[in-house]
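Biologist: I should like to understand how the terms applied to this model are justified. Could we begin with the meaning of the main term?

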Amino acid sequence: MPRLSGGPARDLPACPRPGHENRKVVKDGKYGNPPRQRFRCSDGADFHRFVPEVPRHETHGGTCDACDTAVASHLGPVTGRRYDFPVREVAAAFVAVGGGASYQRAALRARAAAGRELLEGSWGGNTVAEWLDALAPVVLADQAETSWPETLVLDSTRFMVENIRTGTQTLAFNVLGPTAIPPAAKAVPGCGR
């Protein structure tokens, strides 16, 4: 295959194997769908292939999708090793769901932004549901409660439905509302609390 103009690739990752820091690294084809760059580490006689610790999608046309900066094709958006979507699209889907969007709408936005085929039907939101199932424990770990609050208040209310033909009321559902009150802040001397 003839070499394309523009010279050798720049900003290639270092080989992750110990002792290979000074070996030559070149691009060595692609893997996965969507394609991600694979690399070759060589000392002239011996070589091995590797993929970077942080996989990246291939950029389209050598331009960053977010800021229109020229970047090398192997420096595209960061993605999970077994995910077809860039991490920023997964994060955008989480933000959309947190803002009130349905899983299906958030998944359609993520698929469109990542250039993936749009799914029809009501089951399209499974993508975002699976992301939340897999990633929410990691994302929410810092927010997890580690101890019981000083006070826990529970309240409930019933919602009734009236049958307009018979005039009878039946229970539709109950709502239980818990709230936690953290330990009282210590009074600061001289502030009157």
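Modeller: A salt bridge is a side-chain nitrogen of Lys or Arg within 4 Å of a carboxyl oxygen of Asp or Glu. The model under discussion is predicted.

Biologist: Why is the pair of aspartate 28 and arginine 49 called a salt bridge?

Modeller: The closest N and O atoms of aspartate 28 and arginine 49 are 2.3 Å apart. The limit is 4 Å, so the pair meets the definition. Aspartate 28 belongs to strand β1 and arginine 49 to strand β3, so the contact ties together parts that are 21 residues apart in sequence.

Biologist: What makes arginine 49 count as partly exposed?

Modeller: Its relative accessibility is 44%. Partly exposed covers what lies between 20% and 50%, therefore arginine 49 receives that label.

Biologist: Which residues are joined with these two into one network?

Modeller: Through salt bridges that share partners, Asp28, Arg38, Arg40 and Arg49 form one network. Aspartate 28 also pairs with arginine 40, with closest N and O atoms 3.2 Å apart.

Biologist: How do you know that aspartate 28 is buried?

Modeller: Buried means under 20% relative accessible area, and aspartate 28 has 11%, so the term applies.

Biologist: Why is the pair of aspartate 43 and arginine 23 called a salt bridge?

Modeller: The closest N and O atoms there are 3.3 Å apart, which is within 4 Å, so the pair qualifies. Aspartate 43 sits in the loop between β2 and β3, whereas arginine 23 is in the segment before β1. Arginine 23 is buried because its relative accessible area, 16%, is under 20%.

Note on methods: Residues numbered from 1 in each chain as written. Predicted model: local features only at pLDDT ≥ 70, side-chain atom pairs only at ≥ 80, totals over all residues. Heavy atoms only, no water. Helix = DSSP H or I, 4+ residues; strand = E, 2+ residues; numbered from the N terminus. Buried < 20%, exposed > 50% of the residue type's maximum accessible area, 1.4 Å probe, protein only.
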